There are 4 protein chains.
Amino acid sequence: MTRPKKPLRSTMASSTATTITVQGMDLMQDIMGRLNLGDYAFLEIQRRLPTPGESVVFNAMLATLVEHGMTPMAIATRLTYLGAPESLQGAVASGLLGMGTTFAGTAEGSARLLQEALAGDAANTPDEQLPMLATSIVERLRATRTPIPGIGHNLHKPVDPRAPRLFELAAEHGLSGRYVKLMQHIATAAEQALNKPGQLPVNATGALGALCSEMQIPWKLCRGLAVIGRAVGLVGHIAEELHHPIAREIWERTEEECATPTNH
Amino acid sequence: MTRPKKPLRSTMASSTATTITVQGMDLMQDIMGRLNLGDYAFLEIQRRLPTPGESVVFNAMLATLVEHGMTPMAIATRLTYLGAPESLQGAVASGLLGMGTTFAGTAEGSARLLQEALAGDAANTPDEQLPMLATSIVERLRATRTPIPGIGHNLHKPVDPRAPRLFELAAEHGLSGRYVKLMQHIATAAEQALNKPGQLPVNATGALGALCSEMQIPWKLCRGLAVIGRAVGLVGHIAEELHHPIAREIWERTEEECATPTNH
Amino acid sequence: MTRPKKPLRSTMASSTATTITVQGMDLMQDIMGRLNLGDYAFLEIQRRLPTPGESVVFNAMLATLVEHGMTPMAIATRLTYLGAPESLQGAVASGLLGMGTTFAGTAEGSARLLQEALAGDAANTPDEQLPMLATSIVERLRATRTPIPGIGHNLHKPVDPRAPRLFELAAEHGLSGRYVKLMQHIATAAEQALNKPGQLPVNATGALGALCSEMQIPWKLCRGLAVIGRAVGLVGHIAEELHHPIAREIWERTEEECATPTNH
Amino acid sequence: MTRPKKPLRSTMASSTATTITVQGMDLMQDIMGRLNLGDYAFLEIQRRLPTPGESVVFNAMLATLVEHGMTPMAIATRLTYLGAPESLQGAVASGLLGMGTTFAGTAEGSARLLQEALAGDAANTPDEQLPMLATSIVERLRATRTPIPGIGHNLHKPVDPRAPRLFELAAEHGLSGRYVKLMQHIATAAEQALNKPGQLPVNATGALGALCSEMQIPWKLCRGLAVIGRAVGLVGHIAEELHHPIAREIWERTEEECATPTNH
């Protein structure tokens, strides 16, 4: 085989008999007792420590993703735990697998839109041209009948309360920049184009996409934040299931009703 | 169908058009900007906020579980991401599924041992009887050739440096109680029984099991902490894979070598 | 690094520009159009073709594992498909993860019992000593309060109709040997020991364990048959979900009921 | 809650104490001993039995999907089995999750193309207009820089040998109709448009997409065939891993090389 081997390299972690180094830091002295789990997630994804402001905002971003109540994912985790309680990891994995495109549960779409809009030469777009950029984005999406990511919400009307809270925290900590502005201009442009004034504000997903972009997290990793947050939440659902199980009842009701003969 | 229906109940979260409540708390005011991700995990699992000390120690416990370098789990996640980059959740799930019994990667075993040893009437075992209890536990495990969980380490010799750091933080924050004592007595009893003085100290897994028990986290949920921590780490591996991919090289080398004819 | 490398070898498959070889056979000429999927599964697991009798019986064994109606696994697959329809593989994986210890859904337990009982010197146990062997097995299990695998059924009473059908096919095709006999003696011994005459016949799981053993399939792979069969069934559930969806209704009912305030 | 409940219905299976009915058939009499696993998969997906010709061709289609050697999926399954051998279902699930868009491992793309091209009024396109239809499809895809699914292969050159074998079997059994013709015209049109005569014949994926369409299997279920086939193959890889393990060596080599310091 003449294919030249490429070296395998990683800077994630290394160990000796007496040391453990993660991302170039001493696990025991620099991480344990110093970093909270959100900071550690930031370190893993961005390969640097968050600033104090990034720490607050990043933890708040993850906080919006942990717990959404009795979602299809939570139910799947509980049903899988019923069948294989000895493999808790499988129950969490089962639920995570439902984090797909249906519930738009990630900031991926809006982060991609924003990052591509301000990439390359466009990175220098002056602030006063952002409304025009937003209008052209909305027009382009509408022309191809593509949904506009990050605006409106089917339950939280008119405003998804997580979005203003995220923007407030970002502003407090100096993380509200051009991506946030562009996202808000997109919402305004969409409301105008669709003639729905005040009805399509930026939602949590749009705010997350904008703030990931402010922190230079690539859009391809935004779903990773959702996966991290939801892994926490799904373990929480297993904890409740241990104390107050409902999976068997959901299963039995479903099985019984499906087995009931009907006239049609 | 005459089976009486049991009601489905959950107190995880609820929403209205303008509010989101999680574990009885207002998501925007009480959680976002206030709780870090480790605290939120504690809230989800224990249905109450951690004390300041619990916050430090619980985040440190999670920190020991995030990143173990290029484990089989990390490689599986990277290979899966190579095949299905559009489904990041599947890549993380794929890696999580390797968190089973081989690598003793969870505190489940030691937590169960400790919680069962101090359950019921034994909960009142006086401190001075803990060494005797430890000796009888070690004898019982050895009689059934059951491995003693939570002691020794194949790489970190003689001491897994995470364990003393966890115990140090627990002591600083008033979380070092009878479970920690019993775990340490078990290590000592095992060293005596196996005639390996100073060679089988409590390892990270044993320390985690003891501290979960101090915090009254049921042993059945201890693997959940490992799943949460590792979900963070596996997203980190995907982040590195995006910047510096190695999965294709691992695959191609393996495929080529497996395809090479041999004489035997 | 001085650790000597072990060579990586596999005889699963190899390809050139014009050929594809699987298990030493030409895929196009020897497999496609000749082997059905059950035969191919046998070839993959046992690394040889099944005999005509093994083909019939092995396909019948798999057939008992495909479709069990609206199980927790099927519901989990449907809920996951609702969230991520673009990743059908994730929906099937989600359901497979529920194949654990709760529903005793595999022949693993009975196969292990039988294979360990007739291993080594015991392999030559004369037929007339099998009843005595069965009695001692049942006594040993009862002494340690271990459930006796492969007998009785909570719905199919007194007889799980799949078991006699499997045994009938095995007898027709010369695959009913000492493992089948031992399994049946175990059922009889259990009925005597528990004073439940005629109430604990061999069930489908016990029959599968016995027939896997007759075919020299190691007990560690028995769950693999269940996974293969159930993967087929879960794709079937997705097919029905496409035509007649129920996942959203299951989710919405559950979410609504869990959100309803109660007085207690 | 005033939302009207929709009834939950399923016709997959039903059971009583003495009967098991699947897809309206008696499991013991109509399926076990009569249907092979491929036929049963057809029954589950299409809710009717295959004709004898469909049985041969459908099993051959599945046979192309079972075993592709040491793929990233197979390696992931082996690594996961190393970590959690007690949860074989998790190891198979882990590998299945890599069946995404990278390896174009499913017939989904070509099936969708063909089914949408011959949907509605176009269903009556006369045979002599199929070449023109193919040309317009290729032009449309090229105009949007969309890859043409189902043609060419990076290893099997010039011809993927599975495709002619699938088409041969389909022709023998009366299953070679307009979808097969259109797929072949698309390959020809692509070769002309890209000026690569004879270099972009229909590959296995294209043949599978065409034959799924001939059997009226919706394109959304085509990936299901790949999942079924690959589940069989991944259990085969676990069987080989049991006899001749390689996962630990792959892991250790990777970990060691990644840990080696470099000068850059």
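**Exercise 1. Determine which side chains form the salt bridge between R3(C) and its partner in chain D, and describe the interface of chain D and chain C.**

Step 1. The side chain of R3(C) meets that of E249(D) in a salt bridge, with 3.0 Å from N to O. A salt bridge here is a side-chain nitrogen of Lys or Arg within 4 Å of a carboxyl oxygen of Asp or Glu. The model is predicted: local features need pLDDT of at least 70, side-chain atom pairs count only at pLDDT 80 or more, and totals for chains, interfaces and linings use all residues; side-chain values use heavy atoms, with hydrogens and water left out, residues are numbered from 1 along each chain as its sequence is written, and chains are lettered from A and ligands numbered from 1 in the order in which they are written.

Step 2. Across the interface of chain D and chain C, the rule finds 6 salt bridges. It also finds 32 residue pairs in polar contact, both residues being at pLDDT 80 or more. A polar contact is a pair of N or O atoms within 3.5 Å; within protein, one must be able to donate a hydrogen and the other to accept it, and residues adjacent in sequence count only if both atoms are side-chain atoms.

Step 3. On the side of chain D that touches chain C, the largest share, 15 residues, comes from helix 11 (residues 222–243) of chain D. Helices (H or I, at least four residues) and strands (E, at least two) are DSSP runs, numbered from the N terminus. By class, this side of chain D has 46 nonpolar, 25 polar and 19 charged residues. Ala, Val, Leu, Ile, Met, Phe, Trp, Tyr, Cys and Pro count as nonpolar, Asp, Glu, Lys and Arg as charged, and the others, Gly among them, as polar.

Step 4. In chain D, 90 residues are in contact (heavy atoms within 4.5 Å) with 90 residues of chain C. The two chains bury about 7600 Å² between them, 68% of it on carbon and sulfur atoms. M32(D), L37(D) and Q89(D) lose the most area to chain C, together 9% of what the side of chain D buries. Buried area is the accessible area (1.4 Å probe) that two parts lose on being put together, summed over both.

**Exercise 2. Describe the interface of chain B and chain D, and state which helix of chain B gives the largest share of its side.**

Step 1. Between these chains, 30 residues of chain B are in contact with 30 residues of chain D. The area buried is about 2500 Å², of which carbon and sulfur atoms give 64%. M70(B), L97(B) and W251(B) supply 18% of the area that chain B buries against chain D, more than any other three residues.

Step 2. The count of salt bridges between chain B and chain D is 2. The side chains of R253(D) and E257(B) meet in a salt bridge of 2.7 Å, N to O. The count of residue pairs in polar contact is 15, both residues at pLDDT 80 or more.

Step 3. Helix 4 (72–83), helix 5 (88–96) and helix 12 (247–259) of chain B each supply at least two residues of the side that touches chain D. The largest share, 8 residues, comes from helix 12 of chain B. The residues of this side divide into 15 nonpolar, 10 polar and 5 charged.

**Exercise 3. Decide whether R223(B) is buried or exposed, and trace the polar contacts of its side chain.**

Step 1. R223(B) is found in helix 11 (residues 222–243) of chain B. R223(B) counts as buried because its relative accessibility is 4%. Buried means under 20% relative accessible area, exposed over 50%, and partly exposed in between (1.4 Å probe, protein chains only).

Step 2. The side chain of R223(B) reaches the backbone oxygen of E86(A) at 3.4 Å. Within chain B, a polar contact of 3.2 Å joins the side chains of R223(B) and E108(B).

**Exercise 4. Locate M28(A) and list the residues with which it is in contact, leaving aside its neighbours within four places in sequence.**

Step 1. M28(A) lies in helix 1 (residues 27–31) of chain A. M28(A) is buried, with a relative accessible area of 6%.

Step 2. With those neighbours left aside, M28(A) is in contact with I20(A), P161(B), R162(B) and R165(B).
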